[in-house]
Amino acid sequence: MRSRRVALGITLLVTALVTVPVAVPAGAPEAHAVSEQQTKILRVGVTQEVDSLNPFISITRTGTDILRTGFDYLTVYNQEDYSPIGSLAESWETSQDKLTWTFKLRDGLKWSDGEPLTAEDPAWTFNKMLDDEVARTANGSYVKQWESVEATDEHTLVIKTKVPQATMLALDIPIVPEHVWSKVADIGAAPQFPMVGSGPYTIQEFKEAQFTKLKANPNFWRGKPKVEELHFIYYRNSDAAVTALQNGEIDLVNRLNPTQFDSLESNPDIARNKAQNRRFNEILINPGAATFDGKPIGDGNPALKDIKLRQAIATAIDSKTLVDKVWGGYAEEAQGYIPPVFGEFAWSPPEDLKREFSLDEANAMLDEAGYRKGPNGVRLDKQGKPLNLRLMTHAEANLDEVAGPFVKGWLAEIGINITLQPLSDNQVNESTTRGEFDLAFSGWNANPDPDYVLSLQTCASRPNAEGKGNTPDSFLCDEEYDELYNQQLQEFDRGKRVDLVKQMQEVLHDRATLVILGYDNALEAYRKDAFEGFPLQPREGGVIMNQQGYWGYYGATPAGEGPVPVFNDDGTASASDAETSEAADEESSNTGVVLAIVGGVILVLLVGGLLFARGRRRTADERE
Amino acid sequence: MTAPSPRALAWRRRGAAFAAGWKQYASQRAGLVGLGLLVLIVLLAVLAPYISDQQGLDVTKATGGRMEPPSGEFPLGTDRVGRSVLLLTLWGARVSLLVGFVATLLSIAIGTIIGILAAHYGRWVSAGLMRVTDFFLVLPSLVLAIALSTVLERGVGTIILAIGLTSWPSAARLVRAQTLTIEARPYIERSKALGGGHLHVIGKHVLPAVLPLVFVNTTLAVGSAIVAESTLSFLGLGDPDPMRPSWGSMLRSAWLDSAVIAGAWWYLLPPGIAIGIVVLAFTMCGRALEAVLNPRLREG
Amino acid sequence: MSDILTPTEDALAEAPPPTRGGGALRYVLTKIGGGLVSMALVVVLGFLLFRVLPGDVIQTMFRGRPASPELMAEAEERLGLNKPLFEQFLDYLWRLLHGDLGQSYVFNVPVTDKILERLGPTLLLVGVATLIAVALGLWLGTRSAWRRGSRFDRISTGVALALWSTPTFWLGMLLLAATSGLFPTAGIVYSDTAPDFLSQALDVAHHMVLPTITLVAVIYAQYQLVMRSSLLEEMGADYLTTARAKGLRDDLVRRRHAVPNALLPTVTLVFLHLGFVIAGAVSVETVFSWPGLGLLTYDALRVRDLPLLQGTFVVLAGAVILMNVLADVLYRVLDPRVRAS
């Protein structure tokens, strides 16, 4: 009897495990929907883990995204077009020599716990960063050149810098409450929850690798958000996040790939947002890396010093195919260095300079430059060595993984042999900074002011002998380019500066130390049965998540609660004029069922085959 | 040893034993089916360059659309850049089988050497070697293999090393047990008494007696190695060369490009089923061989 | 991983030779001593292996952000990375003895905290899956052996082998595709589930279904096959013939005599194969985003968080070694043959 009871117990256990949960959440979607209506929760799926919610420490995309909603800043980028506007600070002025900045804080600011927020709080935050190296972990670069910070009265904050600093209106530093943080012994430790903050939400709870919960902050100076709770839920892979969106387990998700974005098209409850990114994607071609003082470093193939070779490589890379095949059409074809989202500075090569993709043309260029083909079709460099180049890719990046084989294929056609080298993000960063690469995938998020990305290609941005100290991009060091760079720095006439910036892009295009691949779109989706919509940044064609600000989460509008607000620069909000949701056709998909059936049938066949084959095994067994 | 006749005699004896073994093997349908499947798959893999065009693996020459369902032109549909899944599966067999075979040979070689040494030499060598073996046996081998693949440059060689270096302990134990049994037999005693050195005893007596068992173990281990390869490739540690796809790297592409969401079953199923069939085929062969060669099963 | 098909050799090799009564303590001590040596090896290997991972730790910490050389030197000093390797090793040992596994570079929290956070979900998943797999395997294995050659035997053994032959992650992917919408596809609990225990427990159970099924499907085969073959071996034994000759009923013979004896090698195997189960857990946790140690290990590897890697490696390997020593001792206690002598 005993074993029968055991067997029964096991069966019960298994059935319980499988069926009870099925039975319970059979009604779960409704249960979720209901709870949503009672307390309005915005559940956001994120695919990157939070590194830390300590405002001094966090540097990941997700971490900063959450902190942006929990802590306000002196100034923020506006919703319309990324121009800096006041947030905690109402106004500011600078001295003649641009070394002293005086910020005036708003009246009546309050922390989420009701304590008043005064100039002492930013002063304490910044001074902590000046004094304590650990507090500089995340945002230390902003205060590197600061002299002193002082709160002269309750509303006035005075910052003195050692040299004029262009980023003073874009200080991406969360302001923390002095009355809480001055009692913290270890400034780098994980914070205590709930956190006292000043943003539209306050951070309540953090479950590592699971979720972060935030609650609406009634003391936020712009007013309480319409959503009562904001949950960031971590999904390690984006498919799971998409499934969760389809099941109504989450309301908003971003960083979709083309397949996922397409598959959501037919879902009537889901709205999609195809946004212009600030990002450009490129392949670097090492032109002979050197330190900022001109000493060669790294192990780049010396053949790449030849501009003719680099130009031929650039001619053999087809942006159109990459846009179609890699980004599934959700991208824009390569033009200049500055992404088209910043229309004013963006440049596209005129007809006579344009490099039309042509393998024949590239081959002809190489023939003319004297690169003979070797016995196995691989060209030989000037020293007679075959042209074997490495292409470094980010192992976790879909773009690199899909685009890498294309580049390899094209270059093989022009007699250049490519070895793909997938490395972790950090390894790619290190190796490229040390100049230890031939070709490498790269890309940057450009800012409304192009200065930073332009500076990446100057001689001065090259690193020291250990490959540290600066962040180089392509190791270009070009007199003409540097000359233009310095001119645009000092040019106060906007039109003339735009001209200079375009000239710089022309130089970059000609030198071919980098090949622009294209500008991919940010693909986002949300439940339109639960949410009316979200404020985008920039307002036209912009993103909901990963904004340079809190607009998207702050202005989240639950279904039936009126139009999505537009946030004006003066601190007011107005109703939006455009509907962000899009219509979608209804079409159901049975692929899951098909998969299950096909899988099942095949399993049965496999087993059946085995059984059939094992039919005579009995004899062997019986001899035992 | 100089006269040819004893050697010829020995060969004749081996030939007869082989024939008897084969007869016994052939009497097991599972073994025959497994062997048939294996021969077929290996043939397909070897002949891939002759029955298909490798150029089809080049993404820049792909003619299909993104994840097209099966059609006349693409019997198993296309992958994320429009290559034929059938072609990829065919060529994937080459890498998967290669890794499976070589990694297993490496692991069996290490295992055999350590196993024989541990059994043949005295207490201390044995104790030391077996401690190391036990240590590796319990280590989470996948974690170790992941670490190894990260340390070394990515490629087929690294995968082989990572699998080979982490999967030998069970072979070592098996070989040791078998060697102990054999060394207890009187003819080893005799050989030692006649002045046979370690090399002689191991090379002439122990190794031939252990080899059949090793062979069985090899057959069974190839399947595991293929699964291990697919897992490492799936985790993104495989060979990045697009012209050398493996079943594991196909599944990784399918996974990364959301074949599950898109319901692209033609992209998900073939590599997985191929792995299943090959592993099963090896298992069937291994079990049949075991029944022939394992004395315990035979004498029962 | 191939051991499942040659299970008895393994199990036998694992079986302690029957010694006379006085050897019991000695046997236990030897086993514990062996375990300690293995632990020492793990500790050393953990240090060395992750020390040779390529890449600059300091650069990793700053994630490619611009940082002054002074800042980097400071960080290097703080982490003791400028000391000679041997000194670093001594530091590491000393801290390890105090339960301190260092500070995670990426998360900026003690590694011990991080591991403790992730231990629960892994224990839950691996524990439940192992229990079900063992129960299922033993039951199926017993039935197959008892009705050797029957259709049940052929089908169940065939299914087990087929499942065992498929890669874990692929099985997980198919399950995901086939059950889309029925079960949560990732994580361990919804963020908006009511905080009371029952709701939470049910939600966790709901989240566990797919990962558990996947893990069970892959690991139960070995228990079934070992149980089957050791029971077959046991059934040939003389004492069973005697028992039957005494007139005992067939199923009584099976339950009272054959099964308990055949259980032993199988139970030993449960522990011996924990490493295999953990490998499965890495795949399963990756596919289902289960916030456990396996996922932590893999994520730590991707960003090369050395202290975290070292920590997870030492903890995982240590746990497996501990379990093995326990199994050896238990075996000694449980085996009636050993006990009797």
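This text describes the domains of chain A, an open sheet and a buried helix in that chain, and then chain B. The model is predicted.

Chain A is best approached through its domain assignment. Domain 1 covers 41–275 + 524–573, and domain 2 covers 279–520. The centres of these two domains of chain A, taken over C-alpha atoms, are separated by 33 Å. Contact between them involves eight residues of domain 1 of chain A and six residues of domain 2 of chain A. On the side of domain 1 of chain A that touches domain 2, four residues are nonpolar, two are polar and two are charged.

A database annotation can be set beside this assignment. In an unreviewed entry, UniProt places the feature "domain: Solute-binding protein family" at residues 84–457 of chain A. Over residues 84–457 of chain A, helix accounts for 25% of the chain and strand for 23%. The C-alpha atoms at the two ends of that stretch are 25 Å apart.

The next element is a sheet in chain A. Seven strands make up this open sheet, in the order S8-S9-S10-S1-S11-S19-S12, and their pairing is mixed. Its edge strands are S8 and S12 (270–275) of chain A, each of which pairs on one side only. Helix H3 (residues 61–70) of chain A packs on the sheet, where it touches strand S1 (41–46), S8, S9 and S10 of chain A. The direction of H3 makes about 140 degrees with that of S8(A).

Within this sheet, strand S9(A) can be followed residue by residue. Strand S8 (residues 201–207) of chain A runs antiparallel to S9(A), and six bridges join the two. The bridge partner of Phe206(A) in S9(A) is Thr212(A), while Glu205(A) stands opposite Lys213(A) in S9(A). S8(A) and S9(A) form a hairpin with three residues between them. In the turn of this hairpin, Ala209(A) has a positive phi of about 60 degrees.

S9(A) is also joined to strand S10 (residues 229–234) of chain A, by five bridges and again in an antiparallel arrangement. Here Leu214(A) has Leu230(A) in S10(A) as its bridge partner. Is strand S9 of chain A largely enclosed by the rest of the structure, or what else describes its surroundings? Five of the six residues of S9 (residues 211–216) of chain A are buried, so the strand is largely enclosed by the rest of the structure.

A comparable line of reasoning applies to a helix. Eight of the nine residues of H13 (residues 425–433) of chain A are buried, and therefore this helix is largely enclosed by the rest of the structure. The buried residues of H13(A) are Asn426(A), Gln427(A), Val428(A), Asn429(A), Glu430(A), Ser431(A), Thr432(A) and Thr433(A). Just after H13(A), Gly435(A) takes a positive phi of about 75 degrees.

Chain B is described by its helices. It has 13 helices and zero strands, and its pattern along the sequence reads α-α-α-α-α-α-α-α-α-α-α-α-α. Along the principal axes, the C-alpha atoms of chain B fill a box of roughly 75 × 40 × 35 Å. Of the 300 residues in chain B, 54% are buried. Among contacts in chain B with a separation of 6 or more, 70% are accounted for by residues 24 or more positions apart.

Key: Residues numbered from 1 in each chain as written. Chains lettered and ligands numbered in written order. Predicted model: local features only at pLDDT ≥ 70, side-chain atom pairs only at ≥ 80, totals over all residues. Buried ≥ 20, exposed ≤ 12 C-beta atoms within 10 Å, placed from the backbone. Helix = DSSP H or I, 4+ residues; strand = E, 2+ residues; numbered from the N terminus. Domains from an automatic or database assignment. Contact = placed C-beta atoms within 7 Å. Nonpolar A, V, L, I, M, F, W, Y, C, P; charged D, E, K, R; others polar. Pairing = 2+ DSSP bridges. UniProt positions renumbered as here; feature names shortened; annotations may be inferred. Axes fitted to C-alpha atoms, helices over the stretch in contact; angles between N-to-C directions.
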